[in-house]
Amino acid sequence: MSVNDASSSSTTSLVEDQRRIPLEAIHTQPIAHLHLIASSALSLRPPKELWNWGGTFRARPRLIFDPVNVEQCCALVELARREGKEIRAVGRAHSPGDLMWTKDWVMRMKGLEGLVKIDQTVPSITVLSGTYVSAIHEMLAAADPPLAMSNVGSISEQTIGGLISTATHGTGVDMPPVSALILSMRIIVALPSHQGGVQVVKCSPTERPDLFNATLCGLGCTGLVVEAELKVEPAFCLRQVAEEMPFDFLFGPSTGAPSVIAKASPAPFRPNASNRTSATPTTPTEVTAFPERHIDTLSRESLGHLLAQGRRIPTTRSKYQPSVRNEVTGAVWPVPSSSVDNVSRLDPPDEDDDEETRSAQRRISTIVNSTQHAKIMYWPQARMCTLFRQDRTFEPPVQATLASRVYGRLVGHDLAQFLLFVSRYHRSLPPRVGKLVFNLTHPSPPRKHKSHLNAHGQAGFSSAGNPTSATPSLAPSTARKRSTPTTKLHTSPNLSSDGTPVGVSAEGRVAEEGEHVHGPSQQRSRRENEVESAGGAPAGVASVGRTTEEDAPEPSSSSADDSSPHASAGNVIAAAELGARVGALRTAVKRGAVDRPGLPAHQVSLEDFLSGASTSATPSTFSPIISRSNVAPSFGQGAGTTTRNLGVHAPLSSNHATYTSVNTSHLVFNMDCLFPQYTTEWAIPFEHTAAAIRALRDWLDAEQANSDGERPHFPVEIRFGDADGIWLSPSQGRKTCFIGLIQFRPYNRPTRYRVLFERFEILMRYFAGRPHWAKSHTCGHAELRKLYPHLDDFLNLRRNVDPDGVFLNPYVRRHLLGEIGQHTNPRFFKARL
């Protein structure tokens, strides 16, 4: 036996020992035996306090355990049930709120980790619940052939059990939370003795589907997850195109919309102190929203301005409240259209919006639907946005240079933290620091093209969302590139005649069956491309951005100048070809027309694949998780309608700094959280994206204009997700936009955040928002019942599997059960800084 085989055998044996369940029913064991098992799991060096990663919440539980196998976990749960204690599982403690804390017993799950098995036929990976997501990436990369998670959140330093319990999400308008990709679980439930006592049960979409659904976002109160099987896919790389643009380019200039009908109230608004769903206003000036029958006596005011003044705004209208229920409990994703809210803000037009807002919503929908994973970082101090578009690619990873890593550490981390620390001492400094950090860490727009910006900082889109009349110059950019590993800087506009990005229709749809995108022409060297770019588009190749059914005519070299749309077409033609070929390849694989390569996508050249040199011997059943990218392109050069540039995104305007990077999937999905922080995040229906972000802009601008206003940090993170059928998922029953605020705590020092977060919650409530479960919020039971149609189903299931409340804690009692008192005080675990 080789050393590797021996090591593998030893690891397998260890994991099997960890998975072993008690041979005898645990509820029949004498309490002395349970205490003996519990003592073996007791932490040898327990800390005096447990802190979350952000340093904002801490707990002093009576006992801390470090179980290393399922038998110990069962004994601890049974002992807690008999002694009337609460017990909670804790992973990396990355949750910004107090979701995981309890005053009684805590189980740290770091000892219950390891690989159970990898099934290449599904493909899937089964691990113990204390396994870090970062370790899962390593396990999948070591598989033969390599595999990868289909989507990942902003961090991988969390356990798979914690990820499941909060329905952690990444980004992608067609991607569900990671929990929706769970295939099965093993869970310890705390049943009473007459129902079999504490035991390990297996659940899946077909086996105990109600417990399965509830636990996919169970907040740790339906049972203790000890093992999970996750659906994965063949390893892949992501090509990320990041584009810097003015806020107004995406969301339009400020026009006072969205606006609401309001009238000054004769008395200040004073919420009941016991009402957790209301935020205390900071100024005595209030407004009261009136029913529509009083419209003729009222006036409209900007939603963002009302918020900045601390004035009262109305609650969301009933038509926007979630109402659909999941038809099949075990079918969590994809869900049928009948289980998805179809209320539109555009048809009929919402009375709060103007044409600028509606145009912005159409523009965002088009862009988000043009890529597999879209994300926007909004820097309110600089009034800039960074648009990230990420797509699967066959290109190999490009490593960051040492210089870029050093610069990122010294400037993006160390200097930024110092400046944030200094900004705590004067109210005028945070906006200046935010703008300075943005300028130091983001590339400048091409200087040659600044004159092409219109009054709103736009180029390519008018305020109504249509193309501007002036054609921007396409000369190569001189933008600085300082952060990510880069490959090529594109400066060609990517707008079609209707103002939408090239490759996407005005409605944001992808190609239907039978439609085609332009295929590749003959292979050309980089030198040939450079020569051709000086004289126009190469012969036989349709120019990038055309949507007609005929190839673009070849322009004469004498007619090509800086203002010609063909001047730099050669610079992006290779990338456009790659996009078409990758799309064609993935489509062919999905339909079974060709075999899947024996190696993962990013390790097989397209030439080898298309020639059959690297295909597997048998047809593959592999189907990518994301299907929107599988349009039907043509392999030939002939006619076709360009509906999407797959994974190859030219800039929306040549005035924008654009940088491209290619890396292993999870390294692109993850981001550096920098340093400890207060954070809040809410999920709103995708239809409200533009209206909510425009109101957010108006509010934050007004705060910064006020010498004593709130001072947000940076950036505001905007992500997207698909509708799912998980009972307590923030994206249950609706496509979703996630909006998150961050207030950094430089050097673990406190910063002002409470009023900022309170007003943000008010704004999100107006748009029927749902809070991120792992982050602090003030939603009570009554409000959550309106937001989650399946909340009663969840609570009934929880009572059935844990009638003694073993897995409860102050967070669950406060928010889900509506209990009020000192035992559920939200400040109990708050760190005193």
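## A tour of the predicted model

Start with the whole chain on screen as a surface: about 32,400 Å² is exposed, and carbon and sulfur atoms supply 53% of that. Keep in mind that you're looking at a predicted model. Switch to cartoon and you'll have 20 helices and 23 strands to look through. Of the 833 residues, 60% count as buried. Among contacts with a separation of 6 or more, 77% link residues 24 or more positions apart.

**Stop one: a helix pair.** Select residues 402-423, which is helix 10, and residues 429-441, which is helix 11. Their axes come within 9 Å and cross at roughly 175 degrees. At that angle, over the 145-degree cut-off, helix 10 is therefore roughly antiparallel to helix 11. Now show side chains where the two meet: from helix 10, pick residues including Tyr407, Val411, Leu415 and Leu419, and from helix 11, Leu429, Val433, Leu436 and Leu440 among them. What classes of residue make up this contact? There are 13 nonpolar and three polar residues, with no charged ones.

**Stop two: a sheet.** Next, find the open sheet of eight strands, ordered 19-13-18-17-21-22-20-23 with antiparallel pairing. Color 658-664 (strand 19) and 770-771 (strand 23) to mark the edges, as each pairs on one side only. Then move inward to strand 21 (716-721) and strand 22 (736-744), an antiparallel pair with five bridges. Click glutamate 717 and look across to glycine 740 in strand 22, its bridge partner.

**Last stop: a helix on the sheet.** Select 754-766 to bring up helix 17, which lies across strand 20 (677-685) and strand 22. Helix 17 runs at about 10 degrees to strand 20.

Definitions and conventions. Residues numbered from 1 in each chain as written. Predicted model: local features only at pLDDT ≥ 70, side-chain atom pairs only at ≥ 80, totals over all residues. Heavy atoms only, no water. Helix = DSSP H or I, 4+ residues; strand = E, 2+ residues; numbered from the N terminus. Buried < 20%, exposed > 50% of the residue type's maximum accessible area, 1.4 Å probe, protein only. Contact = heavy atoms within 4.5 Å. Areas by Shrake-Rupley, 256 points an atom, 1.4 Å probe, with all protein chains shown as cover. Axes fitted to C-alpha atoms, helices over the stretch in contact; angles between N-to-C directions. Parallel < 35°, antiparallel > 145°, perpendicular 65-115°, else oblique. Nonpolar A, V, L, I, M, F, W, Y, C, P; charged D, E, K, R; others polar. Pairing = 2+ DSSP bridges.
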